[in-house]
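Work through the exercises below with the sequence and the model at hand, and try each task before reading its solution.

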Amino acid sequence: MQPIHILFLIAGYFGILLLISYLTGKNSGNEAFFKANKQSPWYIVAFGMIGASLSGVTFISVPGWVEGAQFSYMQIVFGYLVGNFVIAYILMPIYYKLNVTSIYQYLEERFGIVSYKTGAFFFFISRVLGASFRLYLVAIVLQQYIFDEWNVPFEITVIFSILLIWIYTFRGGIKTIVWTDTLQTLFMLIALGTAIYYINDQIGWSFSEFLSSEELKNYDKIFFFDSFLEKNHFFKSFIGGMFIAICMTGLDQDMMQKNLTCRNLKEAQKNMVSFSFVLIVVNFIFLLLGALLFIYADQFNITTPVVDGNVKTDLLFPEIAINGGLGFVLAIAFILGLVAAAYSSADSALTSLTTSFCIDFLGIEKKEEQDQVAIRKKTHIAMSILLIIVIIVFKHVLTENVISNLLTVATFTYGPLLGLFAFGIFTNYKIKDKYTWIVALISVLIIIGVWKIPSEFLGGYKIGYELLPLNGLLTFLGLILIRRK
């Protein structure tokens with residue numbers, strides 16, 4: 001598949017998104033941009049959230065993780081299920097009761113302005129980094145398979161990617177994204193099914209033969225109980241996954257903003273529960289695809305791509321789909337699936353960053369009505385520029401698998417949010433609000449210090465995603481120290 005064909009395909013895809021943006025963005029004010037007028041059907045939100053939750057990271061990076069980690073990622077996914085039920089029946093009733101636009105407004109209601117700003121700040125850092133990880137992944141794929149051919153610098157590729165998102169989100173915001181996410185999820189799942197079918201067909205297997213093959217047994221181990229010292233031990237992964245879901249979904253303005261567009265709490269809970277079970281199935285199929293990719297690469301002597309001297313297992317899927325001799329249909333499905341998966345999370349991230357900055361830092365709801373739309377549009381542009389800068393920096397500092405980097409960063413940035421919300425929900429204490437940011441900062445610094453301790457100093461214990469609940473616990477304990485008598 002030639003680079004020009006890929007570019008035309010992407011252009012056609014974005015033409016559809018622009019049409020959706022035009023239809024949903026008519027006469028859209030701030031209420032539509034931030035809340036979609038609270039008219040989104042719950043089943044549409046649930047289906048669209050699959051794509052937003054999985055993103056380009058799952059689409060490429062989870063299959064690429066299989067070689068080194070087998071199916072151990074499912075241990076984290078099972079933790080997601082429990083975490084999502086906590087969101088549905090503990091967090092969401094609070095958000096709907098307070099009728100918030102930004103979920104961090106709860107912290108102002110409960111503790112005060114400094115706690116509110118502290119929570120919003122940590123979300124802002126988390127989402128900038130998370131969105132940048134996801135967009136970085138799709139940018140390096142576009143660079144590798146399109147723009148390198150034309151000697152276009154990586155920086156231009158990034159600007160091009162962000163510009164496309166800005167064009168179709170600047171008018172309708174979350175109202176547009178609820179519907180574009182649905183289309184993007186559909187394309188992603190079609191690409192997943194198409195890839196599994198064509199690779200199996202090339203090997204000469206049916207899907208059932210693949211599932212029963214000896215080759216699959218080299219990759220399909222899910223549960224790891226061998227040593228509690230290892231990072232992938234079941235208990236550590238499961239607990240980490242539960243708290244990752246609570247934080248990266250339930251305490252994240254990006255994901256919750258979609259839920260808050262549902263008509264009422266009951267519909268939002270239906271959305272979250274149905275989404276939770278579908279997510280397990282889809283993640284498992286992505287891991288099956290990962291095993292199939294490595295089996296295919298081994299049989300047909302396809303080497304994993306190398307970028308800047310580093311082996312990138314994240315790029316094995318695009319390498320096989322585009323250059324693996326499996327035909328034009330798979331290449332088309334892959335490109336559409338990749339772009340859909342990547343942009344389904346990135347576009348909502350850009351919108352949620354705009355929402356959070358406008359509501360939490362600029363206090364847009366307190367401004368004159370005629371100034372609000374102008375403030376929102378300027379902020380939308382500023383957030384786009386910020387993402388461009390961070391993605392370009394990532395190009396020069398990231399060496400590991402992207403999903404591993406993403407989950408590691410989450411343990412640092414979401415911990416203070418976890419501690420703040422837990423303290424607010426499960427205690428009746430008031431706190432000395434002006435010290436909240438100090439508690440949160442100290443907690444993060446301690447966790448970074450713990451993370452950097454070599455495993456040999458801990459008796460061989462390898463620290464994993466349990467750092468996230470530990471971070472939340474430290475913040476919780478710190479808030480006890482500054483509670484009011």
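**Exercise 1: Two cysteines**

C247 has a relative accessibility of 0% and counts as buried, where buried means under 20% relative accessible area, exposed over 50% and partly exposed in between, with a 1.4 Å probe and protein chains only. This is a predicted model, in which local features need pLDDT of at least 70 and side-chain atom pairs count only at pLDDT 80 or more, while totals for chains, interfaces and linings use all residues. Residues are numbered from 1 along each chain as its sequence is written, and side-chain values use heavy atoms, with hydrogens and water left out.

Task: Classify C262 as buried or exposed, and state how many disulfides the structure holds.

Solution: Begin with the accessible area of C262, which is 0% in relative terms, so C262 is buried. Then turn to the disulfides, each being a pair of cysteine sulfur atoms within 2.5 Å; the structure holds zero of them.

**Exercise 2: Helix α13 and the core**

Task: Find which residues of α13 are buried, and which residues L289 touches.

Solution: Helix α13 spans residues 316–323, helices being DSSP runs (H or I, at least four residues) numbered from the N terminus. Its buried residues are L316, F317, P318, E319, I320, A321 and I322; because seven of the eight residues are buried, the helix is largely enclosed by the rest of the structure. Just after α13, G325 takes a positive phi of about 75 degrees.

Next, consider the largest nonpolar core, a nonpolar core being a set of buried Ala, Val, Leu, Ile, Met, Phe, Trp, Tyr and Cys residues joined through side-chain atoms within 4.5 Å. Of its 150 residues, F59, Y95, I199, L289, F334 and F421 touch the most other members. Leaving aside residues up to four places away in sequence, L289 touches P63, L192, A195, I196, I199 and F317, a contact meaning heavy atoms within 4.5 Å.

**Exercise 3: From T118 to W437**

Task: Say which residues T118 touches, not counting residues up to four places away in sequence, and where W437 is placed.

Solution: T118 lies in helix α6 (residues 113–145) and is buried, with a relative accessible area of 6%. Beyond the residues up to four places away in sequence, T118 touches L420, T436, W437 and A440. Of these, W437 has its place in helix α18 (residues 436–451) and is partly exposed, at 46% relative accessible area.

**Exercise 4: Salt bridges**

Task: State how many salt bridges the structure holds, and work out which parts of the chain the pair of K236 and E466 ties together.

Solution: A salt bridge is a side-chain nitrogen of Lys or Arg within 4 Å of a carboxyl oxygen of Asp or Glu, and the structure holds six. One of them joins K217 to E214, with the closest N and O atoms 3.1 Å apart; K217 is partly exposed at 48%, whereas E214 is exposed at 54%.

Another joins K462 to E230, with the closest N and O atoms 3.5 Å apart. This pair links distant parts of the chain, 232 residues apart, with K462 in the loop between α18 and α19 and E230 in the loop between α9 and α10.

Finally, K236 forms a salt bridge with E466, the closest N and O atoms lying 4.0 Å apart. Because K236 is in helix α10 and E466 in the loop between α18 and α19, the pair ties together parts that are 230 residues apart in sequence. K236 is buried at 3% relative accessible area, and E466 also counts as buried, at 16%.

Key:
Helices (H or I, at least four residues) and strands (E, at least two) are DSSP runs, numbered from the N terminus.
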